[in-house]
Amino acid sequence: MTDDTSIAFAALDQRASQEGDAGNPPDRISLRDHIVEVEIGAFQSERDTTQRLSFSVVVEVAPSDGAQTDDVDDILSYDTITDAIAAELAAERLNLLETLAERIADRILTAPQPLRVFLRIEKLDRGPGKLGVEIVRTRQAAAPSATDDPVSAPVILFVEDAVFTDAKLPDLVDRLRADPHAFVLCVGTGAHTVPQVGQATAQRHIDLLAIEQNAWRLAAIDPRCVVVGTRTELDWGVKNDQISVWAPSKLVLDAVDGPRDTDARALAGWLAMTLGADAPQVIALDHPFLTGRP
């Protein structure tokens, strides 16, 4: 049996000899050894630094009139491939090449011409050789486009620490539960002193973890407030009338152009912008949600 992947990435003379008896194989377009510097990887040593990735992509395409018309609109543009790579790299910081490969292949297969995508991604700077993955995906195997209704933007509330222990906190949660809007609560670092260290990366993680500790503290005080850390969890909470309390580490650290400022209110503003929500409302002891006044 012919190894289709070997054929796809083989030199042209090898492909000609291997495909000589294969009837009329589909045309292919390719992008070879496209190198991009990006932050990616599951190890701590791969954070806050970039490394080179090499992309090689071969796309089998449906028959077209492009060769006859000489019209770029009648063929699969190479930009479809490079744009798919750039879009997925810009969307989110990822840990795994496997995840990146799946998303790029799915994006390419949303175009009308591709029938099958062969994709190789290699890390060039992580070892003595090239470390990589290869996948093959067909149009039928590509993940279907989401058909769910778009998630509405929630109301972002920044809850001051004094509210946590106020006797009216259950009343606040009652009002949020009864309100038709979806809510995401953001919190600060709490009353305790956050340790200070002399290294910026370590301090960033410590600051974010301090906020997350306080998020769990609020959830412990009122279990109707549920700690969430991923975009999927946030969207699920919005759809299901859950009062979410944001734990910021994953979204902030995985964002391609995430905020460097770890001030809790600044992070709440960044989350609101990311979710397409209005600027956060600050919930202090005199806020109408607590006092019951309009």
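This report walks through the overall make-up of the chain, one of its helices and its largest pocket.

What you see above is a predicted model. The protein chain is built from eleven helices and nine strands. Of its 294 residues, 42% count as buried. Looking at contacts with a separation of 6 or more, 64% are between residues 24 or more positions apart. The accessible surface of the chain comes to about 15900 Å², and carbon and sulfur atoms hold 51% of that.

Let's turn to helix H7, which runs over residues 200-221 and has 22 residues. From first C-alpha to last, H7 reaches 32 Å, close to the 32 Å expected at 1.5 Å a residue. Its buried residues include Gln-203, Asp-207, Ala-210, Ile-211, Asn-214 and Leu-218. Charged side chains appear in that buried set too, with Arg-204, Asp-207 and Glu-212 among them. The cover over the buried residues of H7 includes helices H6, H9 and H10, along with strands S6, S7 and S8.

And the largest pocket? About 560 Å³ of space lies in it. Of the 20 residues lining this pocket, Ala-91, Glu-92, Arg-103, Arg-231 and Leu-251 are the closest to its centre. By class, the lining has seven nonpolar, five polar and eight charged residues. The table shows the elements that give two or more residues to the lining.

| Helix | Residues |
|---|---|
| H4 | residues 78-91 |
| H5 | residues 97-108 |
| H8 | residues 231-239 |
| H9 | residues 249-254 |
| H10 | residues 264-275 |

Helices H9 and H10 thus appear twice: they help line the largest pocket, and they help cover the buried residues of H7.

Terms used
Residues are numbered from 1 along each chain as its sequence is written. This is a predicted model: local features need pLDDT of at least 70, side-chain atom pairs count only at pLDDT 80 or more; totals for chains, interfaces and linings use all residues. Side-chain values use heavy atoms; hydrogens and water are left out. On a 1 Å grid over the protein atoms alone, a cavity is a set of points where a 1.4 Å probe fits but cannot get out, and a pocket is an open set with protein on both sides within 12 Å along at least five of seven lines; lining residues have an atom within 4 Å of a point. Grid points are joined across faces, edges and corners, and a volume is the space filled by probe spheres set on the points. Helices (H or I, at least four residues) and strands (E, at least two) are DSSP runs, numbered from the N terminus. Buried means under 20% relative accessible area, exposed over 50%, partly exposed in between (1.4 Å probe, protein chains only). Contact means heavy atoms within 4.5 Å. Accessible areas come from the Shrake-Rupley method with a 1.4 Å probe; for residues, only the protein chains shown count as cover. The expected span of a helix is 1.5 Å times one less than its number of residues.
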